[in-house]
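Grab your viewer and a coffee. Here are a few exercises to work through, each with a solution to check yourself against.

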Amino acid sequence: MHKIMLAPSLMVGNLMDLKSDLQEIQKSNAEFLHIDLLDPSVSSTTGLPPALISELRKMCDIPLYIHIASKYPEKYLDTILPYCESCFVSIHTEHTDHFLTLANKIREFGAKPGIAVNSSTPIQ
């Protein structure tokens, strides 16, 4: 049987009081903290700013699961990867022809790459 892992998302948190939300999440024993980095190239919803990753790492010790939804995922990696050791970083395969190159870059920083797939993407 597979273990169910919890990864609460900060996108639904109180952005004016993230510290309190993080304290509550840490009390919950969540295994990961889900962070959405979205940009207008793929979503009408604005995600959290990439610069927030470094601050989150100072505020809590929960590993991050970072979901990059962008047609240009590489533009986020230089900003976030120095703070992503032991984190998961997922990239949509629909938005890059260089997934393996980006996955290797993610690994170089001690993070684990992942594939994100839109529900409408055919699996071949």
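The exercises below go from confidence to the core, then to a helix pair and a few single residues.

**Exercise 1. Find out how confident the predictor is, and where confidence is lowest and highest.**

Step 1: Remember that this is a predicted model, so start with pLDDT. The protein averages 88, and 100% of the residues score at least 70.

Step 2: Now go element by element. The lowest mean, 88, belongs to α2, while α4 has the highest, at 96.

**Exercise 2. Pick apart the largest nonpolar core: who is in the middle of the contacts, and which elements contribute?**

Step 1: Count the members and rank them by contacts. There are 30 residues in this core, and L10, L33, I35, I66, I80, C84 and V89 touch the most other members.

Step 2: Map the core onto the elements. Two or more residues come from each of α1 (18–27), β1 (33–38), α2 (52–59), β2 (64–69), α3 (74–80), β3 (88–92) and α4 (99–108). The largest share is that of α4, with 4 residues.

Step 3: Zoom in on L10. Leaving out residues up to four places away in sequence, L10 touches L15, L18, L22, I25, L33, H34, I35, L48 and L56.

Step 4: Put this next to the general trend: in soluble globular proteins, nonpolar side chains tend to be buried together.

**Exercise 3. Work out how α1 and α2 pack, and what covers α2.**

Step 1: Get the geometry. The two helices, α1 and α2, pack at about 55°, and their axes are 11 Å apart.

Step 2: Classify the angle. Angles of 65 to 115 degrees would be roughly perpendicular and those under 35 roughly parallel, so α1 ends up oblique to α2. As for handedness, the α1 and α2 crossing is right-handed.

Step 3: List who makes the contact. From α1 you get L18, K19, L22 and Q26, and from α2 L52, L56 and M59.

Step 4: Check burial in α2. L52, I53, S54 and L56 are buried, and the cover over the buried residues of α2 includes α1, β1, β2 and α3.

**Exercise 4. Compare two loop residues, C84 and T46: is each one buried or exposed?**

Step 1: Locate them. C84 is in the loop between α3 and β3; T46 is in the loop between β1 and α2.

Step 2: Apply the cut-offs. Buried means under 20% relative accessible area, so C84, at 0%, is buried. Exposed means over 50%, so T46, at 68%, is exposed.

Step 3: See what surrounds C84. Not counting residues up to four places away in sequence, C84 touches I53, I66, V89, F109, G110 and A111.

Step 4: Look at C-alpha separations. C84 and P63 are 21 residues apart along the chain, with 8.3 Å between their C-alpha atoms. For T46 and D36, 10 residues apart along the chain, the separation is 8.9 Å.

**Exercise 5. Check N29 and S86 for backbone phi and accessibility.**

Step 1: Read off phi. For N29, phi is near 65°, a positive value in a residue other than glycine. S86 isn't a glycine either, and its phi is positive, at about 65°.

Step 2: Place them. N29 is in the loop between α1 and β1, and S86 is in the loop between α3 and β3.

Step 3: Finish with accessibility. N29, at 61% relative accessibility, counts as exposed, whereas S86, with a relative accessible area of 43%, is partly exposed.

Definitions and conventions
Residues numbered from 1 in each chain as written. Predicted model: local features only at pLDDT ≥ 70, side-chain atom pairs only at ≥ 80, totals over all residues. Heavy atoms only, no water. Core = buried A, V, L, I, M, F, W, Y, C linked by side-chain atoms within 4.5 Å. Buried < 20%, exposed > 50% of the residue type's maximum accessible area, 1.4 Å probe, protein only. Contact = heavy atoms within 4.5 Å. pLDDT = per-residue confidence, 0-100. Axes fitted to C-alpha atoms, helices over the stretch in contact; angles between N-to-C directions. Parallel < 35°, antiparallel > 145°, perpendicular 65-115°, else oblique. Left-handed = near helix turned anticlockwise from the far one by under 90°.
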